[in-house]
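I open these notes with a short list of things to look up: one helix residue and its surroundings, the sheets, a second helix with its buried face, and the division into domains. The entries follow in the order in which I went through them.

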Amino acid sequence: MHEWALAEALISTVIQVSKKEGLRKIFEIEVRIGELQDIDLEIFKFALIQLRPDYLKDAEFKFKIVKTKLKCRICGHEWSPRKDELDESVREAIHFIPEITHAYLRCPRCGSIDFDIIEGRGVWLEYVRGK
Ligand SMILES: [Zn+2]
């Protein structure tokens, strides 16, 4: 149930940010989730609602899924794999062993399997709006 751990971490980040910015009322919180991040959004949303403190009761959580972006180390080409190249079993494998991506994907320009995952992993707080 790592959704709960992620939700807890996110809430504590929101609290830190709102303290730092002197916000007492929060309207909107945007969360970005990498496409490769293995997460059940429904559980994650539920966990956030359960864990949020009172002053976040009226805040709206917005979620954006960030597409995977890869960059070839050989020719520098950047691309996003197609959805059908990232079926569930591939995403799951990538989640546990990121290096495994190289077994499934290759650079569409030069055919290299030597590339970096530059976007598409992790969960982070994009912004907090309030006053
Ligand atoms: Zn390439």
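**Entry 1: Thr101.** I went to Thr101, which lies in helix 4 (residues 101–104); helices here are DSSP runs of H or I with at least four residues, strands are runs of E with at least two, and both are numbered from the N terminus. This is a predicted model, in which local features need pLDDT of at least 70 and side-chain atom pairs count only at pLDDT 80 or more, while totals for chains, interfaces and linings use all residues. Residues are numbered from 1 along each chain as its sequence is written.

Is Thr101 buried or exposed? I noted that Thr101 counts as buried because it has 23 C-beta neighbours inside 10 Å; the cut-offs are 20 or more other C-beta atoms within 10 Å for buried, 12 or fewer for exposed, and anything in between for partly exposed, with C-beta atoms placed from the backbone. Leaving aside neighbours within four places in sequence, I found Thr101 in contact with Ile94 and Ile117, where contact requires that the C-beta atoms, placed from the backbone, lie within 7 Å. I also looked up Asp116, which is 15 residues further along the chain from Thr101 or back from it, with 9.5 Å between the two C-alpha atoms.

**Entry 2: the sheet with strands 3, 4 and 5.** I recorded an open sheet of three strands in the order 4-3-5, with antiparallel pairing; two strands pair if DSSP finds at least two bridges between them. Strand 4 and strand 5 (115–119) are the edge strands, each pairing on one side only. Strand 3 (residues 69–72) and strand 4 run antiparallel and are joined by two bridges, and Leu70 has Trp79 in strand 4 as its bridge partner.

**Entry 3: strand 1 and its partners.** I then turned to strand 1, which is joined to strand 6 (residues 123–130) by seven bridges in the antiparallel sense, and which pairs with strand 2 in the parallel sense, also over seven bridges. Ile33 can be followed in both directions, since its bridge partner in strand 6 is Val123 and its bridge partner in strand 2 is Ile65.

Glu30 is found in strand 1 (residues 26–34), and with 15 C-beta neighbours inside 10 Å it counts as partly exposed. Which residues does Glu30 touch, not counting those up to four places away in sequence? I listed Lys62, Lys64, Glu126 and Tyr127 for Glu30. The C-alpha atoms of Glu30 and Glu126 are separated by 5.3 Å, although their positions lie 96 residues apart along the chain as a sequence separation.

**Entry 4: helix 2.** Which residues of helix 2 (residues 41–51) are buried? I found Phe44, Ala47 and Leu48. Seen down the axis of helix 2, these buried residues fall within an arc of 100°, so they line one face of the helix; the arc is that of the directions from the helix axis to the C-beta atoms. The face turned away from the buried side of helix 2 carries the exposed residues Glu42, Ile49 and Gln50. Among what covers the buried residues of helix 2, I noted helix 1 (2–20) and strand 2 (60–66).

**Entry 5: domains.** The domain assignment, which is automatic or taken from a database, gives domain 1 (2–67 + 120–130) and domain 2 (69–118). Their C-alpha centres lie 27 Å apart, and five residues of domain 1 are in contact with seven residues of domain 2.

**Entry 6: the whole chain.** I counted four helices and six strands in the protein chain, which follow the pattern α-β-α-β-β-β-α-α-β-β along the sequence. Buried residues make up 21% of the 131 residues. The mean pLDDT (the predictor's confidence in each residue, from 0 to 100) is 89, and 95% of the residues reach 70 or more. Among the elements, helix 3 (residues 88–96) has the lowest mean pLDDT, 72, and strand 4 (residues 78–79) has the highest, 96.

Technical notes: Two residues are in contact if their C-beta atoms, placed from the backbone, lie within 7 Å.
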